[in-house]
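This report describes a few features of a protein model. Look at the sequence and the structure first, then read on.

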Amino acid sequence: MASYAAVLSLFHTLNHIKNHPRPPISLNQSQVDRLTQNLTSFQDFLERYPSQEDNDFESRIAAPAYAAEDVIESHIFDQIHDLSKIKAMGSINGFNEMSEDEMGLKLYQHLWGRRYLIVMDDIWSVEAWDKVKSFFPDNNGSRIMITTRLSNLAFELSDRYVFKMQFLEENKSWDLLCEIVFGKLDFPIARKCRGHPLSIAVIGGLLKTSNMTRSYWLYTLENLNLLINLEDDEYTLRIMHTSYKELPMHLKTCFLYMGIFPEDYEIKMSKLIKLWVAEGILRPVDNKSLEEVAKDYLKELIDRNLMLISELRWDGEAKLCRMHDLLRDVCLRGAQKQKLFCIVRQQKHHTPQGIDIERRICINPENENTAYFPRFLQAVESASQTRSLLYNMSFGDASPSLRFRLLRVYFPVVTYDNATYSNNAIFKKVNLRYLSVKLNFRGVISRLLSLCTHFWNLQTLDVQDGDLYNFEPIIASAIWEIPLLRHVKLFNFVLPDPPNGEHHFVLKNMQTLKGVINFKFSEEVVKRIPNIRKLKLEYKEEHSLPDFCLNNLGRLQKLESLTLENKINRSLVTFPQSLKKLILFHTKLGWEDLTRSIGSLPLLQFLTLWEACVGPKWETAEGGFCSLRVLRIWSYDDLRYWETDSAHFPRLEHLRLKFLRNLEEIPSCIGDISTLKSIRVRDCNKPVTDSAIKIKVEQEENGNLDLQVVIRVAVSANLEAEQHRTRMA
């Protein structure tokens with residue numbers, strides 16, 4: 001597996017140089033072509049004949065591939081720094097984290113006077129409970145539920161009712177396995193899982209995606225028989241590993257990579273996909289972007305029950321996923337064995353042996369005792385070959401100096417306010433592909449953006465602004481000079497017209513652009529970003545709207561998600577027919593514009609209106625919103641009447657209403673939409689709340705028991721309404 005990852009990574013590096021409009025170094029084109037062809041053939045061979053984790057074989061292939069990458073990227077580093085001397089950036093001061101006691105006090109204050117139910121999952125010691133129990137006020141009727149795998153620990157927590165979970169009986173194990181596999185299978189396989197639901201789920205996922213042959217299932221049963229004498233946890237872990245071994249080669253690296261995330265961490269799929277792309281561990285597929293390939297990989301892993309969906313997106317795709325801790329243990333063991341990445345746990349007297357040759361380092365501290373940070377960081381920074389640095393901690397004043405000259409991926413799993421960087425730390429990392437950072441001074445951000453043309457291979461640029469009081473726009477014209485960019489997420493920045501000339505190029509990989517203000521869609525801009533999929537734009541100069549050429553938006557034929565903020569003129573905007581998601585903030589459109597122009601978009605599935613339209617009446621028409629699944633209407637004072645019919649929203653699934661203070665009612669016909677699953681009302685007036693309840697009652701009387709109606713009214717809103725009535729009286 002390590003050999004496959006190394007060969008694939010070298011293939012991507014060569015491909016980036018080969019296809020770069022201004023390659024940082026010169027390579028013999030015919031030699032590169034032959035080498036990439038050989039690498040492709042080698043990938044095919046490794047996929048057909050996996051090495052069965054022969055470490056000697058793996059290292060004999062991986063070592064020369066990595067060595068070749070080192071030579072190439074070191075040469076690029078030296079070449080770029082010979083051409084341009086980058087000045088020191090200076091340090092950045094941040095904010096201190098909140099202490100445990102401070103967080104506990106806030107929790108106590110939040111819960112005081114309320115009846116609550118707290119669930120604490122997977123407690124491993126009485127000490128852990130003793131540290132937090134004082135943060136929960138003893139309110140009448142409140143309860144705390146604790147889960148643990150240790151039966152003795154459950155009884156040590158005195159004065160608590162203990163409910164001991166039983167393993168599944170054989171017949172229920174059979175039922176669960178059948179449900180996962182959706183087919184007939186040998187009964188002994190279910191029995192060998194010992195009633196562990198996780199084991200059944202993973203083995204079921206393996207069988208479901210395997211060849212449906214008796215010989216393969218007998219092979220699976222034989223592997224389970226070999227584990228029969230192991231203890232329960234080790235037995236389950238071995239079953240997880242069996243499922244990992246049966247993964248196709250192209251999925252193994254991606255599966256192990258997820259071990260970089262902390263235990264019980266909810267992984268954002270969009271970030272994981274960007275990381276996989278930047279790491280070069282995805283095999284290209286004809287007529288598909290790497291992001292599309294990554295989505296296919298994710299679906300395969302989810303289908304095998306190796307990832308659990310925590311939250312779905314509006315379109316039914318996974319938004320957040322997590323991994324069971326035993327599966328994560330498989331990832332950590334496999335990654336360590338295959339030398340895919342090194343997990344560093346900050347301890348008093350320990351840093352991993354051989355860290356100086358690790359290519360990917362992930363820092364997950366076991367405690368936050370900053371006394372050992374300097375020595376700890378010194379050991380980490382000795383890894384001169386490091387390509388990826390990922391961490392889940394706050395460094396305080398002992399921030400990493402980022403000496404890794406060949407760094408590709410810089411990703412804080414959790415972004416902290418107090419991140420600081422030494423001179424030239426970021427600017428010298430010319431091989432960066434993925435940069436996610438939070439900076440507290442807009443001057444530093446501006447300097448970063450002006451120099452990011454040095455990042456010849458940059459794919460994802462995600463810069464968060466920690467300065468909450470400075471809204472001065474930043475000019476980011478250098479973005480047009482980074483040809484491999486795929487995703488840009490900034491705050492309050494200006495992107496001027498691209499420069500003209502024969503030496504400039506199309507950003508054909510650009511898919512995401514967020515945080516742009518007053519973006520002008522000139523003819524040249526439309527040509528430069530033909531494959532853009534997501535845009536988030538804000539317009540602050542209403543008088544200049546005609547100059548921004550928003551009619552050219554309609555020419556972006558692959559645009560799927562668009563966010564527009566501040567007033568726009570409907571006659572000056574053309575929405576592309578490809579739109580699936582549209583969010584409008586304070587755009588002040590007329591309701592008739594919404595019905596006529598936006599309602600006619602054939603693929604639109606998600607629509608958010610936040611003070612987006614003006615006028616007291618919204619009247620919809622038949623034939624509009626034919627694909628809409630989610631409708632969110634927020635914060636309107638002037639909307640009083642909503643006239644519609646169930647046929648006007650034929651596929652609506654979710655309706656969200658928020659801060660509607662004067663709407664007279666939700667039309668009762670909304671409840672008759674056959675696809676409707678939920679209505680959520682938050683902080684709206686009483687007529688809206690009453691009409692939502694009425695719809696729920698009517699639907700239940702008609703036999704529709706599945707419709708969910710959730711109403712939330714803030715206490716402050718109730719007090720405000722009461723004060724208003726008092727003043728009126």
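Two strands are said to pair if DSSP finds at least two bridges between them. The model discussed here is predicted.

**The sheet**

With that definition in hand, an open sheet can be described: its three strands have the order 3-5-4, and the pairing is antiparallel. Which strands stand at the edges? Strand 3 (267–268) and strand 4 (308–312) do; each has a single partner strand, so one side of each is left without a neighbour in the sheet. Strand 3 pairs with strand 5 (residues 318–322) over two bridges, in the antiparallel sense. Within this pairing, I267 stands opposite C321 of strand 5.

**The charged patch**

K268, K295, K489, K534 and K536 together form a positive patch on the surface. One of these residues, K534, lies in strand 15, which covers residues 534–538. Is K534 buried or exposed? K534 is partly exposed, because its relative accessible area of 31% falls between the cut-offs of 20% for buried and 50% for exposed.

**A residue in a helix**

A692 belongs to helix 20, which spans residues 686–701. A692 is buried, because its relative accessible area is 0%, and buried means under 20%. V681 is 11 residues away from A692 along the chain, and the C-alpha atoms of the two are separated by 7.7 Å.

The table sets out the two residues with their accessible areas.

| Residue | Relative accessible area | State |
|---|---|---|
| K534 | 31% | partly exposed |
| A692 | 0% | buried |

Key. Residues numbered from 1 in each chain as written. Predicted model: local features only at pLDDT ≥ 70, side-chain atom pairs only at ≥ 80, totals over all residues. Heavy atoms only, no water. Patch = residues over 30% accessible without salt bridge, like charges linked within 9 Å, V, L, I, M, F, W, Y side chains within 5 Å. Areas by Shrake-Rupley, 256 points an atom, 1.4 Å probe, with all protein chains shown as cover. Salt bridge = Lys/Arg side-chain N within 4 Å of Asp/Glu carboxyl O. Lys, Arg positive; Asp, Glu negative; His and termini not counted. Charge placed at Lys NZ, Arg CZ, Asp CG, Glu CD. Helix = DSSP H or I, 4+ residues; strand = E, 2+ residues; numbered from the N terminus. Buried < 20%, exposed > 50% of the residue type's maximum accessible area, 1.4 Å probe, protein only.
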